[in-house]
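Colleague: I'd like to learn how to read packing in a model like this one. Could you walk me through it?

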Amino acid sequence: MRSLRVKFALLAGSVGLFAIAIAAGLFWALAATDQAVERTLSAQARLDRVAELSGRLTQYGLAAVDAAGTGAPQLDRLQRARADVEQALGGVSEHLGEAVAERTDILGKTEAAGRSRMLARLRASVGLLDQQIQNLLKEPEPSRRVDEVRGALNGFGAVTGPALSALVDAERRAVEAASVQAKALSASLRTLVLIVMLTALLGTVIVNRAITRPLLARIDAIRRAASAIGHGESWTRIPVRERDELGLLIASFNRMAARLGRRERRLAADRAQLEGTVAERTADLRAANDRLAAIDRSRRRFFADVSHELRTPLTVILGECDLAARNPPSAPSEVRSLVGTIRVRALRLQRRVQDLLRVARSESGQIELDPRPVSAVAVLSEAVESCAGEAERRRIVLDFDPGTQDVEILADAEWLRQVVEGLIDNALRHASGATRIVVRLAAGRLGASISVSDDGPGFPEPQDQFLTRFARSGQRSGAAGFGIGLALAAWIVEHHGGTIRLEKAGREGGAEVTLDLPALIREDAA
């Protein structure tokens with residue numbers, strides 16, 4: 001089996017060896033180039049030192065002639081010139097010593113040693129010239145002294161000139177040789193880079209044709225087959241041509257495709273069976289839903305019919321009570337008291353029947369508001385009075401705080417009263433542990449602010465859920481009722497142009513529901 005691991009290992013090894021060879025060649029070329037550059041710079045430095053030495057010798061000769069002509073005043077200049085010559089000789093000697101140490105071939109060492117000998121003879125000649133000039137400066141006759149000094153300088157030039165010229169020529173040749181070597185190395189390096197580029201290009205072509213292209217073609221075949229299976233063509237298979245890692249992967253892919261095909265056929269059968277079951281259950285649910293809808297319609301119709309039928313006898317009872325109340329005062333006081341009690345109870349029952357009828361209409365979306373100018377104090381007083389009996393039965397104090405002034409609002413008095421009664425009833429039924437309920441009226445700048453607060457546990461979070469119809473949660477739940485109190489109250493308040501807020505009653509807890517309603521604006525007041 002031809003393994004992809006072996007192929008890639010051979011490829012990686014070849015690339016590694018090629019990279020090592022390239023790195024070694026580049027290292028050698030860079031090292032040789034550095035050496036050539038160092039030789040060039042060293043030879044140029046020696047040439048500069050020799051040129052400096054020549055200039056210092058010239059300055060020394062001019063200083064000697066001036067000293068011979070003027071005498072003592074120029075002796076300091078002569079001494080400085082002699083020191084400069086000695087310094088220049090030392091610099092040339094130092095660089096020649098470095099050149100001898102750098103050269104490893106015998107020819108180079110011989111040439112460097114020859115230049116060192118020439119420098120030694122030049123140093124000896126300079127010493128001899130200095131002794132001659134010191135002796136000639138003792139001559140008392142200035143003109144003769146100048147001539148003798150010039151003669152000594154001419155003799156020195158005749159002796160040392162060829163040696164100095166030979167030294168300059170040798171260093172110039174060294175500079176030129178180093179430059180030629182550097183250029184040759186640069187050309188060799190360019191040739192090496194070109195060979196490496198061609199070799200890398202050839203290797204890339206070979207690797208692409210031998211490994212990369214066939215491998216990519218097989219991977220692309222796997223991709224196309226996977227895409228076909230993804231589109232539902234589970235019968236798709238890939239031919240296995242080589243028994244390497246990718247061939248084993250293709251074989252596993254074919255087995256997976258076969259399993260997927262079998263599973264898809266089973267799923268199709270199960271889906272058909274499930275669709276039949278769902279169709280049957282859907283028909284059953286639809287029939288049950290129709291029955292529930294019919295029951296709900298019957299419930300709402302019964303609710304409305306009962307409310308409507310109760311209104312007639314209540315109206316008769318109230319009429320009889322009114323007739324009895326108009327009888328002469330000769331009737332016994334017990335009878336009059338009993339008639340009054342019956343009338344009050346009948347009024348309350350009539351109000352509850354009307355409330356039931358409104359609730360029935362609200363469930364069917366048939367709420368109709370009859371806004372008229374009403375007194376907020378009158379509506380709240382009626383609501384508090386209606387709930388006073390229930391509060392007393394539950395042993396909860398129900399207080400009404402009418403504020404400092406009454407507020408006239410444009411509202412449906414019955415619906416507004418029912419909203420406030422519903423809020424009080426919620427507090428009575430659901431505020432477990434409450435001992436006090438307060439209904440307040442406050443006259444604000446924009447209208448009336450009506451609040452119903454208790455000292456119970458308060459609203460659990462989230463509070464917004466209580467503004468959803470039929471929602472019950474937390475501690476303020478579990479009692480009987482229509483389940484539409486706060487939601488229906490919010491709808492009615494909003495259609496009166498107001499807002500409803502659920503808040504905490506204070507730092508110690510409790511719940512508070514606040515209704516903000518706009519005040520009535522009369523045209524004559526404007």
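Modeller: Sure. Start with a cut-off: buried means under 20% relative accessible area. Keep in mind that this is a predicted model.

Colleague: Okay, along strand β3, which side chains are buried?

Modeller: Ile409 and Ala411, which point to one face of β3 (residues 408-411). Glu408 and Leu410 point to the other face and are not buried. The strand also has a partner: β1 (residues 372-375) pairs with β3 in the antiparallel sense, over four bridges. One of the details there is that Pro373 has Leu410 as its bridge partner.

Colleague: And how do I read a helix pair?

Modeller: Two packed helices are described by the angle between their axes and the distance between the axes. Here, α7 (residues 376-393) and α8 (residues 413-430) pack at about 35°, with axes 9 Å apart. Their crossing is right-handed.

Colleague: By class, what residues make up the contact of α7 with α8?

Modeller: There are 11 nonpolar, one polar and four charged residues. Among them, α7 brings Val384 and Cys387, and α8 brings Arg417 and Ile424.

Colleague: Which residues have the most contacts inside the largest nonpolar core?

Modeller: The general idea is that in soluble globular proteins, nonpolar side chains tend to be buried together. In this model the largest nonpolar core has 41 residues, and Leu398, Ile409, Ile424 and Leu515 have the most contacts inside it. Elements supplying at least two residues each include α7, β3 and α8. A second, separate core has 36 residues, including Leu89 and Leu119.

Colleague: What does Ile424 touch, leaving aside neighbours within four places in sequence?

Modeller: Ala383, Val384, Cys387, Leu398, Ile437, Val439 and Val452.

Methods
Residues numbered from 1 in each chain as written. Predicted model: local features only at pLDDT ≥ 70, side-chain atom pairs only at ≥ 80, totals over all residues. Heavy atoms only, no water. Axes fitted to C-alpha atoms, helices over the stretch in contact; angles between N-to-C directions. Left-handed = near helix turned anticlockwise from the far one by under 90°. Contact = heavy atoms within 4.5 Å. Nonpolar A, V, L, I, M, F, W, Y, C, P; charged D, E, K, R; others polar. Buried < 20%, exposed > 50% of the residue type's maximum accessible area, 1.4 Å probe, protein only. Pairing = 2+ DSSP bridges. Core = buried A, V, L, I, M, F, W, Y, C linked by side-chain atoms within 4.5 Å.
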